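This report covers one strand with its neighbours, and two residues in loops.

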Amino acid sequence: MTRSFRAITLALLAGAVLAAPSAASGQEAGQAKRTYFALGPATAVYAEPAARAKVAALVIHRTANYTTHIACNELPKRGIAALCMSTRFTNNEFAVDWDRIALDVKAGVEFLRKQQGIEKVVLFGHSGGGPTTSFYQAVAENGLGFCKDPQRLVPCRDDLAGMPKADGLILADAHPGVPVILLRSLNGSVLDETAGKFDAALDPYLTSNGYSATASSTYSPEFQTRYFAAQSARMNALIATAQGRVKAIREGKETYPDNDLFAIPHGGNPGAGPGGASQLHSLDTAIPLRRTRAPQKLVRNDGSIVEQIVTSVSPPELDTKETTNSFDRGTKILSLRSFLSTQAVRSSNSLDGIDHCSSNNSTICAVRSIAAPTLVVGMGGYLFIRDSEEEYENSAAAKKELLFIEGASHGFSPCRNCSADPDAYANSVRNLFDQVKNWVDATMR
């Protein structure tokens, strides 16, 4: 990669960092009181219900701006205060230094502990907020031994010691960890990271391998086995390359002594589709990641609850081929630091051979060390069905619950294209937040 490209990219990224908004407060008619302010290098919105709350939820992601998150509307309606945050790395994946985000979460927890009337603080981890909040809580409960484990690719730093614990954890369609998403999004047929060559025997976009551009693809078990192993082999090779470059930097053999660009073509670019480029289960609706292994609680659209094998109702994603195979649209631009600390994980296969605790960015590894009451809620109109069940199975909490919301999209709204009737899942938002309130009332009051 040329140094001129590096300079241009860094300049563009620098321009994407937004200034924190000035502090302000206000009350919109019929809505919660909202206070906008800076919280160290993070920004936040504190939404309070009309009646004084005893429970507050901290809502945060890794890089997404959650100051406008739907929870800031829905939780106060149900008597729960909400602190919705934007971290120091919002809209800047390139710059992410993973354990620094825990300091933003710490600032949020400390803020909530000081608010009059607040007796309990709950972490609300939606999507990438899942590994963010669960990592924080695991370190807060267990100390630096959790995140400094030699198994980790990038151990945490000492300033994470002594972080205050939250009282509970809600994982709302939380993915199993950023590295797992990247691993499963890598095009496993790539033969060379710079040449744009693909192994035809592993290309998921060839009809001879089971691909369909108009309906669900159908990959044979044999192809799946080879492809999942190839994705892991590619990730492991990327890790080795990145570690080699970090070693060269430390030895003074690189021009830039602190960090450098790390580009990953053909897979992993969020712009390549809602589920991520080349995730086989976004293409083939029969792959087991789209369903639970055991009967679980499913909240129907009418609010009733049944126990059954839960299967995602989301249709196959048919728009990932061009974005995956294109260098311009299918390349993820990271730094060595952001890749190794936030996006890398060791594995033998991308389906069920993942060494989750090789990364500090792992919901599944974190929940194994969290005792706080935990609610896991999966969205039935998206792809994290088995992942949500696995988070529940791995949870060490004595009080834990698993629910799925029928027909909810990843953003909680009704999945309109998951049924012939676009209104079949019209109550998804209400059902989710009603269940959250029920759980808070039962465990936090």
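The text below takes the strand first and the loop residues second.

The structure is a predicted model, in which local features need pLDDT of at least 70 and side-chain atom pairs count only at pLDDT 80 or more, while totals for chains, interfaces and linings use all residues. Residues are numbered from 1 along each chain as its sequence is written, and side-chain values use heavy atoms, with hydrogens and water left out.

Strand E14 spans residues 374-379, and six of its six residues are buried. Buried means under 20% relative accessible area, exposed over 50%, and partly exposed in between (1.4 Å probe, protein chains only). Helices (H or I, at least four residues) and strands (E, at least two) are DSSP runs, numbered from the N terminus. Thr374, Val376 and Gly378 lie on one side of E14, and Leu375, Val377 and Met379 on the other.

E14 pairs in the parallel sense with strand E7 (residues 168-172) over four bridges; pairing requires at least two DSSP bridges between two strands. Leu171 is opposite Val376 of E14. E14 also runs parallel to E15, joined by six bridges, and there Gly378 has Phe404 as its bridge partner.

Two residues other than glycine have positive phi values.

| Residue | Phi | Loop between | Relative accessible area |
|---|---|---|---|
| Asn91 | near 60° | strand E5 (81-86) and helix H3 (98-113) | 47%, partly exposed |
| Phe412 | about 85° | strand E15 (400-405) and helix H14 (428-443) | 0%, buried |

The loop that holds Phe412 thus follows a strand already described, since E15 is one of its two flanking elements.
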